[in-house]
Amino acid sequence: MGNIIGIKLADGSFYPVMEEGQPFSKKLELTTVRDDQTTVHLDLYRSATGSMEDAEYVDTLVVDNLVPHPKQEHYLDLDLNLDENNNLSAQIGDSETGSSSNSNVSLQNLPKDPALITEETEISSSFLTCSPIISFAFS
């Protein structure tokens, strides 16, 4: 079994989305966790155990300029795709403003040096929750 690709939840835990090494696509609906939130940070990780204890940072998606809404009332769409060459593409978009963020990462070439993880990545864990489809909080 390969590493698990997932998202850091607002409570700091790991939410598994797909297994590394197997082509897969996943769509999720996410929502904000704070009233009047205008920015979203979504951190992607991979983990051998499916937890944050051994998670390796992959990338961060950021969507700015959201229209303020009460928490959990505005949805953003997340698309994750892993191809046969272990290339991960991710896009999060806001249909209301058209704002989006994209990432394309080769998981085979991902640095394993923890020093490459920035403080900003560590503190951005309280920006999203998932819609009732999954009912979890996302970072």
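Reader: How much of the protein counts as buried?

Author: Of its 139 residues, 43% count as buried. Keep in mind that this is a predicted model. As for the surface, the protein exposes about 7000 Å², and carbon and sulfur atoms supply 46% of that area.

Reader: What secondary structure does the protein have?

Author: There is 1 helix, along with 10 strands. Going along the sequence, the pattern reads β-β-β-β-β-β-β-β-α-β-β. Contacts are worth a look too: among those with a separation of 6 or more, 62% are between residues 24 or more positions apart.

Reader: OK, strands then. What holds the strands of a sheet together, and how do I read the order of an open sheet here?

Author: Strands of a sheet pair through backbone hydrogen bonds, and the pairing can be parallel or antiparallel. In this model, 4 strands make an open sheet, ordered β2-β1-β4-β5, with antiparallel pairing. β2 and β5 are the edge strands, each pairing on one side only. From one strand to the next, the twist averages 25°.

Reader: Let me zoom in on β1. Which residues stand opposite Gly6 in β4 and in β2?

Author: In β4 you'll find Tyr45 opposite Gly6, and in β2 the bridge partner of Gly6 is Pro16. The neighbouring residue to try is Ile5, which stands opposite Arg46 in β4. Counting bridges, β1 and β4 pair antiparallel over 4 of them, while 5 bridges join β1 to β2, again antiparallel.

Reader: And what does the connection between β1 and β2 look like?

Author: The two form a hairpin with 5 residues between them, and Gly12 in the turn has a positive phi of about 90°.

Reader: Is β1 enclosed or open to the outside?

Author: Enclosed, largely: 5 of the 5 residues of β1 are buried, so the rest of the structure surrounds most of it.

Reader: Next, aromatic pairs. How do I describe one, and how many are there in the whole structure?

Author: You describe a pair of rings by the distance of the centres and the angle of the planes. A search of the whole structure turns up 1 aromatic pair. Tyr45 and Tyr57 form it, edge-to-face, with 5.8 Å centre to centre and 75° between the planes. Tyr45 belongs to strand β4 and Tyr57 to strand β5, so the pair ties together parts 12 residues apart in sequence.

Reader: Are those two rings' residues buried or exposed?

Author: Tyr45 is buried, at a relative accessible area of 2%. Tyr57 has 18% relative accessibility and also counts as buried, because the cut-off for buried is under 20%.

Reader: On to side chains along a strand. What should I look for in β6?

Author: In a regular strand, side chains alternate between the two faces of the sheet. β6 shows that alternation: Leu76, Leu78, Leu80 and Leu82 point to one face and are buried, whereas Tyr75, Asp77, Asp79 and Asn81 point to the other and are not buried.

Reader: Which strands does β6 pair with?

Author: One partner is β3, antiparallel over 8 bridges, with Lys27 standing opposite Asp79 of β6. Another is β7, antiparallel over 6 bridges, where Leu78 stands opposite Ile92. β6 and β7 make a hairpin with 4 residues between the strands, and Asn86 there takes a positive phi near 65°.

Reader: Last topic, the nonpolar core. Which residues have the most contacts inside the largest one?

Author: Leu42, Leu44, Leu78, Leu88, Ile92 and Leu107 do, in a core of 25 residues. The elements giving it two or more residues are β1, β2, β3, β4, β5, β6 and β7. Its largest share, 4 residues, comes from β6. There's also a second, separate core of 5 residues, which includes Ile4, Phe14, Tyr45 and Tyr57.

Reader: What does Leu88 touch?

Author: Setting aside residues up to four places away in sequence, Leu88 touches Ile5, Met18, Leu44, Val58, Asn81, Leu82, Ser103, Asn104, Val105 and Leu107.

Reader: And where is Leu28?

Author: Leu28 sits in strand β3, and is buried with a relative accessible area of 4%. Compare its place with that of Ile92: the two are 64 residues apart in sequence, and 9.3 Å apart in space, C-alpha to C-alpha.

Key:
Residues are numbered from 1 along each chain as its sequence is written. This is a predicted model: local features need pLDDT of at least 70, side-chain atom pairs count only at pLDDT 80 or more; totals for chains, interfaces and linings use all residues. Side-chain values use heavy atoms; hydrogens and water are left out. A nonpolar core is a set of buried Ala, Val, Leu, Ile, Met, Phe, Trp, Tyr and Cys residues joined through side-chain atoms within 4.5 Å. Buried means under 20% relative accessible area, exposed over 50%, partly exposed in between (1.4 Å probe, protein chains only). Contact means heavy atoms within 4.5 Å. Two strands pair if DSSP finds at least two bridges between them. Axes are lines fitted to C-alpha atoms, for helices over the stretch in contact, and angles run from 0 to 180 degrees between N-to-C directions. Accessible areas come from the Shrake-Rupley method with a 1.4 Å probe; for residues, only the protein chains shown count as cover. Rings of Phe, Tyr and Trp (its six-membered ring) pair if their centres lie within 6.5 Å; planes under 30 degrees apart count as stacked, over 60 as edge-to-face and the rest as tilted.
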